Amino acid sequence: MKKFHFSLQKVLEVAKAEEKMALEEFAKAQKKLADEKAWIKSLSRKLSLLRESIVLQDIMELKNQGKYGLVLQKQIEFSEQRLAELEVELENKRLFLIEKLKKRQLLENLKGKAWLKYQKELEKEEQLFLDEIGVTRFARKEEESI
């Protein structure tokens, strides 16, 4: 009998490649999100250290520290907005990845069903062959007994 051939094999391979790419994109989005969280934490630490280190100094230095504190606060706000955008992007990538996983799984299931069908056809063909051998032997024994 002919060798097993899944008619949608190329589609399955493309689905696997798409799934791999979606997984890589999801991982990149996770890394961006983690980096942004670390950046916010770093800025917050700098701001808290700045606030703790304010002691009576000359007026210009206090003014500069106040301005630097405002800059840090603005950077934190901007980073928090960016973090919210990255969280939305990550969720979209996650949904896209789930879609690709489902598509690949569907194709894998179809391949499994096709394999089972192929196996049944093989068994059927083998049984027919064995039946034919049995009939031939029976016919020979009948001829010999006559």
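This briefing walks through the helices, salt bridges, aromatic pairs and surface patch of the structure above. The model is predicted, so please note that local features need pLDDT of at least 70 and side-chain atom pairs count only at pLDDT 80 or more, while totals for chains, interfaces and linings use all residues. Residues are numbered from 1 along each chain as its sequence is written, and side-chain values use heavy atoms, with hydrogens and water left out.

**Helix α1 and its buried residues**

- Let's start with helix α1, which spans residues 9-52; helices here are DSSP runs (H or I, at least four residues), and strands are runs of E with at least two, numbered from the N terminus.
- Helix α1 has 44 residues and reaches 64 Å from its first C-alpha to its last, close to the 64 Å expected at 1.5 Å a residue. That expected span is 1.5 Å times one less than the number of residues.
- Among the buried residues of α1 are Leu12, Ala15, Phe26, Leu33, Ile40 and Leu50, and the list also includes Glu19 and Glu36. Buried means under 20% relative accessible area, exposed means over 50%, and partly exposed lies in between (1.4 Å probe, protein chains only).
- The cover over the buried residues of α1 includes α2, where contact means heavy atoms within 4.5 Å.

**Salt bridges**

- The whole structure holds 10 salt bridges, each being a side-chain nitrogen of Lys or Arg within 4 Å of a carboxyl oxygen of Asp or Glu.
- In helix α1, Glu25 and Lys28 sit three residues apart, about one turn of the helix, and their side chains form a salt bridge at 3.9 Å, N to O. Glu25 is partly exposed, at 33% relative accessible area.
- Also in α1, Lys31 and Asp35 are four residues apart, again about one turn. Their side chains meet in a salt bridge at 3.1 Å, N to O, and Asp35 is partly exposed with a relative accessible area of 42%.
- Over in α2 (residues 59-145), Glu85 and Arg82 are three residues apart, or about one helical turn. The closest N and O atoms of their salt bridge are 3.9 Å apart.
- Both partners of that bridge are partly exposed: Glu85 has a relative accessible area of 49%, and Arg82 has 30%.
- Elsewhere, Glu18, Lys100 and Lys103 are joined into one network by salt bridges that share partners.

**Aromatic pairs**

- There are three aromatic pairs in the structure. Rings of Phe, Tyr and Trp (its six-membered ring) pair if their centres lie within 6.5 Å; planes under 30 degrees apart count as stacked, over 60 as edge-to-face and the rest as tilted.
- The Phe4 and Trp115 rings have centres 5.0 Å apart and planes at 90°, so this pair is edge-to-face.
- Phe4 lies in the segment before α1 and Trp115 in helix α2, so the pair ties together parts that are 111 residues apart in sequence.
- Phe4 is partly exposed at 21% relative accessibility, and Trp115 is partly exposed at 39%.
- Tyr118 joins Phe4 and Trp115 in one aromatic cluster.

**A nonpolar surface patch**

- Leu8, Val11, Leu106 and Leu110 make a nonpolar surface patch of about 310 Å². Patches are made of residues with over 30% relative accessible area and no salt bridge, joining like charges within 9 Å and nonpolar side chains (Val, Leu, Ile, Met, Phe, Trp, Tyr) within 5 Å.
- Accessible areas come from the Shrake-Rupley method with a 1.4 Å probe, and for residues only the protein chains shown count as cover.
- Leu8 is in the segment before α1 and is partly exposed, with a relative accessible area of 31%.
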